[in-house]
Protein chains: 2
Amino acid sequence: MIQPRLDETHDPSATSWVESANAADTDFPLANLPFGIFRHDFEERPRVGIAIGDRVLDCLAATRAGFFHGVDPAIRDALQSWTLNPLMALGRDDARAVRRVAHRLLSAGTTEGNRAQSLSADILASMSAIGMRVPAEIGDYSDFYASVFHATNVGSMFRPDNPLLPNYKWMPIGYHGRASSIVASGTPVRRPRGQSVASPEGPPSAGPSARMDYELEVGAFVARSNRQGDVIPLSSAEDHLFGLCLVNDWSARDLQQWEYQPLGPFLSKSFATTVSPWVVTLDALEPFRIPAFVRPSTDPAPLPYLNDATDRARGGFGITLEVWLRTAAMRAAGRPAERLSCGDFASMYWTLAQMLTHHASAGCNLQSGDLIASGTVSGPDAGSRGCLLELAWRGQAPVTLSTGETRAFLLDGDEITLRGWCEREGFRRIGFGECTGEVLPALA
Amino acid sequence: MIQPRLDETHDPSATSWVESANAADTDFPLANLPFGIFRHDFEERPRVGIAIGDRVLDCLAATRAGFFHGVDPAIRDALQSWTLNPLMALGRDDARAVRRVAHRLLSAGTTEGNRAQSLSADILASMSAIGMRVPAEIGDYSDFYASVFHATNVGSMFRPDNPLLPNYKWMPIGYHGRASSIVASGTPVRRPRGQSVASPEGPPSAGPSARMDYELEVGAFVARSNRQGDVIPLSSAEDHLFGLCLVNDWSARDLQQWEYQPLGPFLSKSFATTVSPWVVTLDALEPFRIPAFVRPSTDPAPLPYLNDATDRARGGFGITLEVWLRTAAMRAAGRPAERLSCGDFASMYWTLAQMLTHHASAGCNLQSGDLIASGTVSGPDAGSRGCLLELAWRGQAPVTLSTGETRAFLLDGDEITLRGWCEREGFRRIGFGECTGEVLPALA
């Protein structure tokens with residue numbers, strides 16, 4: 001058992017004057033307090049918010065009401081911004097200070113809590129009355145491939161004789177993704193058109209993707225930047241990680257298969273990537289640390305810059321991750337979404353800190369607000385596979401739904417929802433909210 | 001012969017009251033007028049500039065002096081920004097309007113020219129007294145692979161039995177690059193550290209890259225954006241291209257070889273990419289259009305969305321491109337740089353418009369200020385190979401320099417300078433300025 005670094009914000013007995021935050025099944029109890037960017041109905045300008053139950057603490061309003069008078073002026077400025085980048089740039093200690101203040105003012109029975117409750121009409125918004133944005137201006141988006149189960153499954157489909165390439169166990173394989181097409185949860189996603197082939201040598205034809213897929217991933221936002229040319233030692237890598245969200249890295253498998261050699265995925269991924277709007281801080285996740293995936297003893301030890309027993313012991317996060325599908329037929333019949341898979345983030349071969357350290361190891365500057373995603377989270381069991389490509393095994397074993405429908409790949413009208421949460425004896429359950437998007441038909 | 005779309009800015013007999021702009025060998029005559037972002041010694045805030053001879057027209061000062069009173073207020077606002085993004089977002093017609101005003105006010109013997117000359121102390125800066133910046137806030141950087149000669153050369157080294165992959169002649173192959181590490185010409189570049197292998201199966205060791213290389217490329221900045229999910233027809237693709245610059249896509253070949261499967265280059269490219277500071281508009285390049293590279297008749301015709309005879313006829317640009325090397329020994333001996341290669345941008349297999357149209361074809365939104373690079377420009381001749389990997393054939397045929405030194409890959413202290421220019425009978429020669437960077441030793 002690892003001793004988590006706990007403070008008063010992790011106290012499971014604390015209750016909030018926001019009643020919905022005390023429900024056992026809320027994603028956003030007092031112990032979570034994730035950051036996001038929201039927009040009021042009555043105003044164009046986005047604001048920093050903190051989720052609490054089914055409400056949002058309006059940080060601009062709360063700052064103006066004096067609740068953050070005790071923190072550094074730079075923090076107050078960051079709380080009045082229209083993105084999380086300034087808060088992310090300040091670093092984790094300052095974000096922790098905000099979280100502690102928010103915890104006090106949202107707690108029941110404290111002096112600040114009583115005052116905040118009396119001003120609740122000014123400083124709280126209902127989640128049903130606001131719109132959520134992508135939480136940061138994402139300068140660069142990098143996507144890893146850190147589940148050895150995903151890499152092995154996909155590799156065995158495309159390279160049966162050579163599923164896992166020789167580099168896989170030596171470094172967190174990753175690539176640059178597209179930042180411009182990252183959208184907030186709830187945004188519909190248009191099915192892409194592109195080139196695909198019936199035989200590996202071509203010729204291709206152009207048309208709507210027939211193999212559209214989702215990918216269940218966890219994303220991490222960069223806190224402090226490193227300067228170009230400087231590395232980030234593994235021992236301090238987590239200081240550069242602000243918090244986590246859910247990521248659906250939509251993929252067009254037919255486009256991907258034809259285009260990806262030799263420079264990697266391009267248009268098959270760049271049409272859209274959906275992120276959940278709430279950034280769960282590493283502080284909130286502290287009670288849910290578990291040792292990272294234990295490598296088989298036959299696997300090589302990482303090179304020194306990626307090798308740190310402390311990181312392996314502390315660097316896993318026990319996050320239950322689910323994928324839900326609601327088809328157009330389910331909606332028409334008034335049926336709820338149906339769960340496709342359930343896995344755990346702790347099954348990843350590389351820790352987030354290893355991904356970040358490797359990313360900066362050649363001198364690449366990672367900037368506040370940049371997004372690093374884990375790659376598809378698939379576990380060892382068939383039920384924990386994080387994309388349809390794996391679940392339906394390249395279309396060979398379509399998934400049968402309770403409606404009698406089957407899915408080899410996504411159809412128009414399918415709505416995919418990712419969910420994630422953490423539970424541990426003695427702690428409040430916390431969650432990530434939803435990362436959702438519906439597939440629209442391709443343009444004619 | 002293609003009829004270029006000419007206006008008064010292409011008149012070769014026009015002269016400027018800025019004497020240095022009338023020299024036959026200047027890159028920046030009155031017929032060029034490229035845009036850039038510069039910073040005065042006396043002020044932090046960057047400004048929009050237009051190169052003229054060895055001077056820069058300070059667009060903020062010129063706007064305040066009333067020289068742009070005739071243009072749309074949105075244009076005047078863009079000229080007072082600290083990046084080129086607002087001007088790029090306005091689109092090519094508005095940039096053309098600015099270019100025409102600048103041409104008049106920098107011309108000798110016109111009313112505006114006389115007034116501008118009388119105010120030259122206020123509106124002109126000397127290039128030697130300013131610093132140049134990356135010309136736009138680059139949201140996303142995409143790098144193509146559009147020279148079939150480069151692709152064939154490199155492919156034959158890494159896949160001798162299969163040099164050119166089946167997809168190559170069907171689509172402009174590209175990948176997402178790293179935007180954060182793009183630097184302006186003149187910025188030293190630190191040799192990256194990373195993993196490399198002696199045998200393809202590993203095991204790897206970590207250390208400074210022993211195979212650092214440059215890549216000679218042409219970059220294009222996006223003008224108008226397309227909305228996510230919308231495509232850009234080939235016939236209007238050039239409306240989305242603001243102008244061109246030179247790009248050195250520094251590469252660590254040993255890191256690249258080990259990491260690039262299956263997701264493409266990552267750390268081997270993301271440590272630094274250098275851009276030349278002046279963006280030469282497509283309008284200035286108009287006289288230098290030539291038909292795009294003629295594909296062998298055995299090559300497939302592109303699919304309809306990439307097939308447009310007008311684009312092939314107008315879409316090539318005759319740009320002479322050179323790479324120069326100055327080693328530490330040359331500097332110590334007071335010797336000038338030495339030319340490594342000379343090629344032409346017209347040798348590319350795909351046009352810039354085809355690259356842009358393909359990029360957006362699955363719905364990816366390209367935003368104003370985004371950078372698209374061509375990939376290494378190599379021609380059919382050995383002397384036109386655009387990187388050392390090709391020139392020295394993977395280290396097997398090191399290049400011998402006039403000092404007696406040899407180079408298989410770059411050594412610390414090597415300074416690489418890219419140059420590009422256009423010449424055509426009946427027109428003024430125009431150029432791109434320099435794209436330069438010196439290799440610093442790796443961190444210990």
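Where is the place of B:R394 in chain B? In this predicted model, B:R394 belongs to the loop of chain B that runs between α14 (388–391) and β23 (399–400). This residue has a positive phi of about 60°, although it is not a glycine.

**Backbone features**

Most residues other than glycine have a negative phi, and most peptide bonds are trans. Departures from both patterns are listed below.

| Item | Value | Place |
|---|---|---|
| Phi of A:W393 | near 45° | loop between α14 and β23 (399–400) of chain A |
| Phi of B:R394 | about 60° | loop between α14 (388–391) and β23 (399–400) of chain B |
| Omega, A:G202 to A:P203 | about 0° | A:P203 in the loop between β10 (193–197) and β11 (204–208) of chain A |
| Omega, B:G202 to B:P203 | near 0° | B:P203 in the loop between β10 (193–197) and β11 (204–208) of chain B |

The phi of A:W393 is positive in a residue other than glycine. With a relative accessible area of 26%, A:W393 is partly exposed, because buried means under 20% and exposed means over 50%. The peptide bond that joins A:G202 and A:P203 is cis, and the bond from B:G202 to B:P203 is cis as well.

**Relation of the two chains**

Chain B is superposed on chain A by a rotation of 180° with 0.0 Å of shift along its axis, and the RMSD is 0.0 Å. The two copies are therefore related as by a two-fold rotation axis. Among the residues of chain B, B:G264 comes closest to the rotation axis, its C-alpha lying at 2.1 Å. Of the interface residues of chain B, 100% are also interface residues in chain A, so the copies meet through the same surface.

**A mostly covered helix**

Helix α7 of chain A spans residues 148–158 and is mostly covered, with eight of its eleven residues buried. The buried residues include A:V148, A:F149, A:H150 and A:M157. One of the elements that cover them is α14 (388–391) of chain A.

**An open sheet**

Strands of a sheet pair through backbone hydrogen bonds, either parallel or antiparallel. In chain A, five strands form an open sheet in the order β9-β26-β25-β20-β21, with mixed pairing. The edges are taken by β9 (189–190) and β21 (338–344) of chain A; each has a single partner strand, so one side of each is left without a neighbour in the sheet. Within this sheet, β20 (residues 320–326) and β25 (residues 415–422) of chain A run antiparallel and are joined by seven bridges. A:R326 has A:E415 as its bridge partner in β25(A).

Key. Residues are numbered from 1 along each chain as its sequence is written. Chains are lettered from A and ligands numbered from 1 in the order in which they are written. This is a predicted model: local features need pLDDT of at least 70, side-chain atom pairs count only at pLDDT 80 or more; totals for chains, interfaces and linings use all residues. Side-chain values use heavy atoms; hydrogens and water are left out. Copies are superposed by least squares on the C-alpha atoms of residues with pLDDT of at least 70 in both. Contact means heavy atoms within 4.5 Å. Buried means under 20% relative accessible area, exposed over 50%, partly exposed in between (1.4 Å probe, protein chains only). Helices (H or I, at least four residues) and strands (E, at least two) are DSSP runs, numbered from the N terminus. Two strands pair if DSSP finds at least two bridges between them.
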